[in-house]
Amino acid sequence: MSQWWKSWSRGIAAVAKAREVVRQILQGEGTRPAEWEARLSTWRDRLPVPVFWLVGKTQSGKTSIIRYLTGASDAIIGAGFRPTTRSTHRYDFPTVEAPLLAFLDTRGLDEPGYDPRPDIAACSAQAHCVIATVKVTDPAQATLRGLLESLRRERPDRPIVLCLTCLHEADITTPLPQPYPFRPVAASEQWEWPAEVPGPLRLQLDRQIQQFTGLYDLFVPLDLTRPEDGYPVPDYGGEALKKALAHVLPHTYRQTLLQLESLLAELKDLHLQQALPVVIGYSMLAGTIGTLPIPLADLPLLLGLHVRMARHLAGIYGQSLRFDNYRELAAILGVSLVTRQLTRQLAKLIPVVGSAVGGAVAFASTYALGRALCYYFETVAAGHVPDAATLRRVYQEQFAAAEAAFHRTVPSAGRESEPQR
């Protein structure tokens with residue numbers, strides 16, 4: 001009962017806010033609910049964002065670490081990095097406006113003619129922790145050693161976590177021991193490898209650790225792969241990496257990392273609270289436009305309204321809307337949208353009743369599109385590629401619910417026109 005009352009109260013509040021959204025649309029004002037910036041500011045002030053600076057050679061596992069910590073796909077990570085200097089890029093997760101984690105990345109240290117000194121100056125003021133990635137089978141690490149030496153001299157208090165990656169390449173004939181036998185190890189510790197670690201892997205690990213003596217605070221052996229690569233545990237050593245980062249981060253930043261999953265859920269709810277009145281507002285306008293009795297006359301108006309709603313929602317979710325997004329959404333939802341619009345236009349050939357049907361379908365299809373867009377933008381913000389089947393299912397379910405709600409709250413024109421007895 002309490003859950004029902006909570007949902008009902010939220011719905012009433014959303015409709016009340018939707019009236020303000022309609023007013024703003026009609027007057028050509030703002031693109032967001034008035035209180036959104038204040039809510040974002042409160043969120044940012046409450047959640048200190050840990051900034052990780054990834055350094056290492058190309059193909060040493062930097063993206064794999066970001067993918068593990070965020071759960072984001074390679075495509076989203078690649079599109080999310082933005083330039084901060086000529087050679088340095090920053091990725092705020094999940095969005096620039098409401099980040100929970102941030103990653104700095106520089107050019108691969110093996111690139112010819114690359115001078116990392118400008119990047120050291122640019123990143124030192126931002127980074128709370130350095131993650132140095134070293135492929136366990138690659139002994140040529142002189143450039144990375146030189147960079148870490150510079151970082152130690154400049155900021156000896158800033159932690160450096162040494163990640164020894166691609167463990168499966170050390171001995172391709174012997175599977176990695178299960179379960180994961182390692183743990184984060186401090187530079188000052190005397191360490192002995194567990195007996196189940198294969199000899200070739202021990203040898204490679206020893207060589208790498210020796211050449212980075214004095215240049216790290218903790219080291220973590222890792223083998224982060226994609227599920228499609230076929231290895232038994234794709235996130236081999238991932239939990240040890242999280243423990244290492246949580247150990248070296250200052251307390252306030254550590255809490256953000258440890259609570260990442262619950263914070264993402266809270267942010268999702270915050271987004272929906274702001275997006276729902278916007279979706280309802282545009283749907284109310286669409287329902288009014290859809291009652292125009294002339295077939296095809298409302299199509300340009302509704303198309304413009306849908307495009308504006310998409311831009312409005314993208315802004316709430318901190319996303320940019322590009323042509324590729326329109327094309328992807330059209331490919332996934334195009335058949336459903338076209339079918340709904342044809343149904344509306346044919347219904348308008350029926351006097352009186354057709355206008356009511358047209359308004360109901362316009363309201364429901366706009367609402368369903370808005371909720372599908374919320375799913376789309378939330379999925380992208382969380383670092384995932386939206387699933388086409390789920391997107392279509394969300395649209396169909398929301399259309400059915402909105403159409404039923406419209407008929408419950410708006411009497412049909414046919415009933416209104418009946419003579420009183």
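Colleague: Hello! I would like to start with a pair of residues: which residue in S3 does Pro 83 stand opposite?

Modeller: Pro 83 faces His 89 in S3. Please keep in mind that this is a predicted model. The two residues belong to a pairing between S2 and S3, which is antiparallel and has two bridges. Four residues lie between S2 and S3, and together the strands form a hairpin.

Colleague: How many bridges join S3 and S4, and in which sense do they pair?

Modeller: Strand S3 covers residues 88-94 and strand S4 covers residues 99-106; they pair in the antiparallel sense over seven bridges. Within that pairing, Phe 93 has Leu 101 of S4 as its bridge partner. S3 and S4 also make a hairpin, with four residues between them.

Colleague: How do I read the side chains along a strand?

Modeller: The general idea is that side chains in a regular strand alternate between the two faces of the sheet. In this structure, you can also ask how enclosed a strand is. Six of the seven residues of S3 are buried, so the rest of the structure largely encloses S3.

Colleague: What is the order of the strands in the whole sheet?

Modeller: The order is S2-S3-S4-S1-S5-S6-S8-S7, an open sheet of eight strands with mixed pairing. At the edges are S7 and strand S2 (82-83); each has a single partner strand, so each has one side without a neighbour in the sheet.

Colleague: Which strands does helix H3 lie across?

Modeller: Helix H3 (residues 62-70) lies across strand S1 (51-56), S3, S4, strand S5 (129-135) and S6. Relative to S4, H3 runs at about 175°. Another helix, H7, also packs on the sheet and touches S5, S6 and strand S8 (218-221). The direction of H7 makes about 150° with that of S6.

Colleague: Let's turn to the interior. How many residues are in the largest nonpolar core?

Modeller: That core has 74 residues, and those with the most contacts inside it are Phe 52, Ile 65, Tyr 91, Phe 103, Leu 245 and Leu 313. Take Leu 313 as a case to look at. Setting aside neighbours within four places in sequence, Leu 313 touches Ala 275, Val 278, Val 279, Gly 370, Leu 373, Cys 374 and Phe 377. There is also a second, separate core of 35 residues, and Ala 127, Leu 144, Ile 160 and Leu 162 are among its members.

Colleague: How many aromatic pairs are there?

Modeller: The count is 13 aromatic pairs. One of them is Phe 182 with Trp 193, which is edge-to-face, with 5.9 Å centre to centre and 85° between the planes. This pair links distant parts of the chain, eleven residues apart. Phe 182 sits in the loop between strand S6 (160-165) and strand S7 (185-186), whereas Trp 193 sits in the loop between S7 and helix H7 (199-211).

Colleague: Is Phe 182 buried or exposed?

Modeller: Buried: its relative accessible area is 7%, and that of Trp 193, also buried, is 12%. For a stacked pair, look at Tyr 395 and Phe 399, with 6.4 Å centre to centre and 25° between the planes. Tyr 395 and Phe 399 are four residues apart in helix H14 (residues 388-409), so about one helical turn separates them. Tyr 395 is buried at 0% relative accessibility, and Phe 399 is buried at 5%.

Colleague: Which residues do ring pairs link into a cluster?

Modeller: The cluster consists of Tyr 180, Phe 182, Trp 191, Trp 193, Tyr 216, Phe 219 and Tyr 236.

Colleague: What about loops? Where is Gln 141 found?

Modeller: Gln 141 lies in the loop between S5 and helix H6 (142-154). Gln 141 is buried, with a relative accessible area of 3%. Beyond neighbours within four places in sequence, Gln 141 is in contact with Lys 57, Val 134, Lys 135, Gln 208, Gln 211 and Phe 212.

Colleague: One last feature: how many disulfides does the structure hold?

Modeller: The general idea is that a disulfide is a covalent bond joining the sulfur atoms of two cysteines. This structure holds zero disulfides. Cys 129, for example, is in no disulfide, and the nearest cysteine sulfur, that of Cys 163, is 8.6 Å away. Cys 129 is buried, with a relative accessible area of 0%. Cys 166 is buried too, with a relative accessible area of 17%.

Methods
Residues are numbered from 1 along each chain as its sequence is written. This is a predicted model: local features need pLDDT of at least 70, side-chain atom pairs count only at pLDDT 80 or more; totals for chains, interfaces and linings use all residues. Side-chain values use heavy atoms; hydrogens and water are left out. A nonpolar core is a set of buried Ala, Val, Leu, Ile, Met, Phe, Trp, Tyr and Cys residues joined through side-chain atoms within 4.5 Å. Buried means under 20% relative accessible area, exposed over 50%, partly exposed in between (1.4 Å probe, protein chains only). Contact means heavy atoms within 4.5 Å. Rings of Phe, Tyr and Trp (its six-membered ring) pair if their centres lie within 6.5 Å; planes under 30 degrees apart count as stacked, over 60 as edge-to-face and the rest as tilted. Two strands pair if DSSP finds at least two bridges between them. Axes are lines fitted to C-alpha atoms, for helices over the stretch in contact, and angles run from 0 to 180 degrees between N-to-C directions. A disulfide is a pair of cysteine sulfur atoms within 2.5 Å.
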